[in-house]
Amino acid sequence: MDLQCCLCWRVALLLLMPCGLQCMSVHILTEEPVHVIPGSSLVLKARIEQGPLEEVSVVTWEREPETGIFPETVTLATCPGRSLKCAGTRPNVRVNMEQQETTLQINGYSSSDSGVYAVTVTDHTGAKITAHCIVRIYGTVQFATCGEEVHHVSVSINVSHSLLICSEAWGTDPHFSWFHERVAITKTVGKVSKDGKTLFVTMTPFCGHFTCRVSNKMSYSSATYTAAPCEKEGSGTTAAVVCLVLVLLFGGVLAFLLWRRHRHNNRGERLHEHLDDTI
Ligand SMILES: *[C@@H]1O[C@H](CO)[C@@H](O)[C@H](O)[C@H]1NC(C)=O
């Protein structure tokens, strides 16, 4: 295919695909859970998908401890450049990049190889996307739990039907939960759909903060929809205080006016007396 044809094809694809430039994704294909027996090898395979105008410039495999205050990230392998020729940083690490798939293999797996594995794909603009696998030890067997973190959580509203809709971009097995003013949704507030993505709000008035929290094995994220502020309980007391203040103010002004008038009258009388004296 010559260059012009290729360009044409890409533009056509771009018009067909609404995601345009931001199509890139990476998924770890390893079925979960993976049982890794110490001494054997751990194999993680990831599939990269990209948009028509996107180009993968670097693929990196890294590992960091699952816990610790300053977890140190270890780069296990990088596959840079157009050819994406991979180089491992350890003798027991093998990495391979083939078309849309990359494979990490760690031979002679030991407990020190446990942690969070991450494969990061960087495109030609420098944008990055990462998928993770947590590899843990249970007894003598290690398990890997793979997936992508929760991304771009947002809440939108369907005003005509009093619906709040929660969406998330590409996390693996996302679980949705809803809160009103940080408290789990009760019947008095509304009803959550079976898949958890939609909240049908029944409370009147429709007010306060509605939060959708999306979580999976790798991470969690949340977004909040803010409706009109709710009338606080005890607004009766506030009204009473405001009323009292107004009464006091009014009383004060009235007293001042009366006092001024009284003083004015006194002065007038004195003036009359003075005039009488001079005449
Ligand atoms: C609101 O929700 C209803 C019922 O699901 C749907 O028919 C309607 O198209 C939605 N409106 C908007 C603006 O999305």
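Two strands count as paired if DSSP finds at least two bridges between them. With that cut-off in hand, turn to this predicted model.

Start with strand 7 and strand 8. Strand 8 covers residues 101-106, and the two strands pair in the antiparallel sense over 6 bridges. One contact to find by eye is valine 93, whose bridge partner in strand 8 is isoleucine 106.

Now widen the view to the sheet. Its 4 strands run in the order 1-3-8-7, and the sheet is open with antiparallel pairing. Strand 1 (25-28) and strand 7 (93-98) form the edges, each pairing on one side only. Ignoring direction, neighbouring strands of this sheet are turned by 15° against each other on average. Strands of a sheet pair through backbone hydrogen bonds, in either the parallel or the antiparallel sense.

Next come some backbone details in loops. Serine 162 sits in the loop between strand 12 (154-158) and strand 13 (163-167). Its phi is near 50°, a positive value in a residue other than glycine. Is serine 162 buried or exposed? Neither label fits: serine 162 counts as partly exposed because its relative accessibility is 24%.

Arginine 182 also has a positive phi, about 70°, although it is not a glycine. Look for arginine 182 in the loop between strand 14 (175-180) and strand 15 (183-184). At 81% relative accessibility, arginine 182 counts as exposed; the cut-off for that label is over 50%.

Finish at proline 205. Proline 205 lies in the loop between strand 17 (198-201) and strand 18 (209-215). The peptide bond joining threonine 204 and proline 205 is cis, with omega about -5°.

Key:
Residues are numbered from 1 along each chain as its sequence is written. This is a predicted model: local features need pLDDT of at least 70, side-chain atom pairs count only at pLDDT 80 or more; totals for chains, interfaces and linings use all residues. Side-chain values use heavy atoms; hydrogens and water are left out. Buried means under 20% relative accessible area, exposed over 50%, partly exposed in between (1.4 Å probe, protein chains only). Axes are lines fitted to C-alpha atoms, for helices over the stretch in contact, and angles run from 0 to 180 degrees between N-to-C directions.
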